[in-house]
Amino acid sequence: MCNTTDINREMGKHEIALNYCSNKHAVQKGANPAPKLILDGEVVEFVAGDTILQVAERAGRGHLIPRYCYHPGLPIAGTCRMCTVEVEKMVKLMTACSTPAADGMVVHTKTERVLKSRAGVMEFLLINHPLDCPVCDKAGECDLQDNNYRYGPVTSSFLEDKRTYPKAATKKLSEKITLNMNRCVHCERCVRFSEEVVKSCDLMMVNRSWHKELTLADDKLGLTSEYQGCLSDFCPVGALTFNDFRFVKRSWFLQRHPSVCDGCSKGCNIEVHSEDNIIYRFTPAYNEKINGHWICDTGRLSYHQVMDPTRIVRPMLAHNGALQATSWELAQAATGHLLETAKKVKVVIGTDATIEEIRYLQAALPDMFGSKFTFRSFNGTGTLSTSSQDKKLDHLLIMQDKTANLRGAEECKLAPLENGQINDSDLVLLVRFGRSAVPAVGNGQKLILLGVWNSAEQASLGAAVEVMLPGLATVEKSGTYINCDGIRQQFIPAVVHLGEGMAVNRLLRFTKK
Ligand code: SF4
Ligand code: SF4
Ligand code: FES
């Protein structure tokens, strides 16, 4: 533990005024007004208004303070007592999550008193916890499990029967979420999320003390928010699990790579969790300016579209009125022939294409085949065609535009496709990546499809499709999107692409001999 002389020396080095300690020997005068405290012997600057836990987080030392009820995206509750620290000159241990930091404070996170307190909280929680880690979906990413390894007591003095909730051991709260109340540690993150963040108010705690129980506000309605997957992300134990991921994969097998959700124009930041290039889930990645800690369920579940078994992942060529799988050489040669012989070509690019893909097509096609091309963008979300028409669909994240790069298409000066324009050419190159809708195409026009298509989308265009060139989904490629707020986001591949899909610049390269 630091003594006052050590503190003076540390603080003096940084020329600050130490005005928290009453000891007059500790007071140093200095010019820098930024408040500082000492955390385990290290001087740490902080922003006025921070709690001790936030100071530790900002200093990259949040791992020193375990917590259950605290979550940076939720209002502070200060109920679990796991985060207690020792603050010099204060008699009791203080909860780091709810105690405001003060200039000159001296905080210790690893003293004997602190460790004893954490072991006490752990023992208290484990009295009733079923300890079914081997069959619990949260194992490997469970705060209770991790904290028990670090701070838990070796033995328990509790010999009585554990409290159980027989009616809520496996209770479906909705189609998306299952509750196992026996595992709940009563942190109430879920209740605060439902009340303060999504404002659906569909969860509440009933009863008191030993019998406290999480329950639905309305059993018939169940959970109603569009952000239910977040409950499973932040529940510190395996009490709330996301049905889509439940019993599907052990978390320690998953590789985690950053990417951007392309489910709407918000462009929430995500982590792609995969093993052997099979995606098992999307989870939120924190971005203060875009999505905070959350993503919506539609975006979360959108990995199914990438892994869709009906997605066309091999080049296809029309033969006897039907599309058949072929080689890249034949598909590229047929594409080259169609582009070479057409008189007028309309290139309709979905606003789910990256800026790089749009720019490449705008430059490469006229360069390779002459000035017969007209370029248009297509969004397909109702009547929306410009970003100024886009609007929020709720108070949190979800946008009306169901593509990720309408602003990027506008930056590339791609005019939106107006009704009827698609008729004025003999060949149409339709480029989309699974998000923008499929535009209606007039009779008598030949079609080349490029990008991410499933068999139903391709079939909706009838027999006019001559060639299908499979491209890459967002999580399989690199590129840039501009979101609804004008924020430019670059991303790199999170997984290796499915099947024989190719990046746009490679895919068109060999169409011209
Ligand atoms: S279900 Fe999870 S998030 Fe909700 S109170 Fe229990 S432990 Fe906390
Ligand atoms: S709000 Fe939009 S960008 Fe964010 S997760 Fe949902 S669909 Fe994806
Ligand atoms: S995290 Fe501070 S009291 Fe729960």
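Contact here means heavy atoms within 4.5 Å.

**View 1. The whole protein chain, as a predicted model.**
Because this is a predicted model, local features need pLDDT of at least 70 and side-chain atom pairs count only at pLDDT 80 or more, while totals for chains, interfaces and linings use all residues. Residues are numbered from 1 along each chain as its sequence is written, chains are lettered from A and ligands numbered from 1 in the order in which they are written, and side-chain values use heavy atoms, leaving out hydrogens and water. If you look at contacts in the protein chain with a separation of 6 or more, residues 24 or more positions apart account for 62% of them. The C-alpha atoms fill a box of roughly 90 × 60 × 35 Å, taken along the principal axes. Inside it you'll find 13 helices and 22 strands; helices (H or I, at least four residues) and strands (E, at least two) are DSSP runs, numbered from the N terminus. Of the 513 residues, 54% count as buried, where buried is under 20% relative accessible area, exposed is over 50%, and partly exposed is in between (1.4 Å probe, protein chains only).

**View 2. An open sheet of 7 strands.**
Read across the sheet and the strand order is 15-14-20-19-18-16-17, with mixed pairing. Strand 15 (322-325) and strand 17 (373-378) are the edges: each has a single partner strand, so one side of each is left without a neighbour in the sheet. On average, neighbouring strands are turned by 20° against each other, direction ignored. Two strands pair if DSSP finds at least two bridges between them.

**View 3. Strand 14 and its two partners, strand 15 and strand 20.**
Strand 14 pairs with strand 15 in the antiparallel sense over 4 bridges, and His319 has Ala322 of strand 15 as its bridge partner. The hairpin of these two strands has 2 residues between them, and Asn320 takes a positive phi near 50° there. With strand 20, strand 14 is again antiparallel, over 2 bridges; here Leu317 stands opposite Val467.

**View 4. Strand 16 beside strand 18, with helices on the sheet.**
Residues 345-350 (strand 16) and 427-433 (strand 18) pair in the parallel sense over 5 bridges. Val347 stands opposite Leu429 in strand 18. Helix 10 (residues 355-369) packs on the sheet, touching strands 16, 17 and 18, and its direction makes about 165° with that of strand 17. Helix 9 (residues 328-341) lies across several strands, including strand 14 (316-319), strand 19 (446-452) and strand 20 (465-470), and runs at about 125° to strand 20. Axes are lines fitted to C-alpha atoms, for helices over the stretch in contact, and angles run from 0 to 180 degrees between N-to-C directions.

**View 5. Helix 3 and what covers it.**
Helix 3 (residues 112-128) has 17 residues and reaches 25 Å from its first C-alpha to its last, close to the expected 24 Å (1.5 Å times one less than its number of residues). Its buried residues include Val114, Arg118, Met122 and Leu126. Among the elements covering them are strand 3 (84-87), strand 5 (106-108) and helix 4 (143-151).

**View 6. The surroundings of ligand 2.**
Around ligand 2 (a residue is near if one of its heavy atoms lies within 4 Å) you'll spot Cys261, Cys264, Cys268 and Cys296, among others. The shell divides into 7 nonpolar, 3 polar and 1 charged. Ala, Val, Leu, Ile, Met, Phe, Trp, Tyr, Cys and Pro count as nonpolar, Asp, Glu, Lys and Arg as charged, and the others, Gly among them, as polar.
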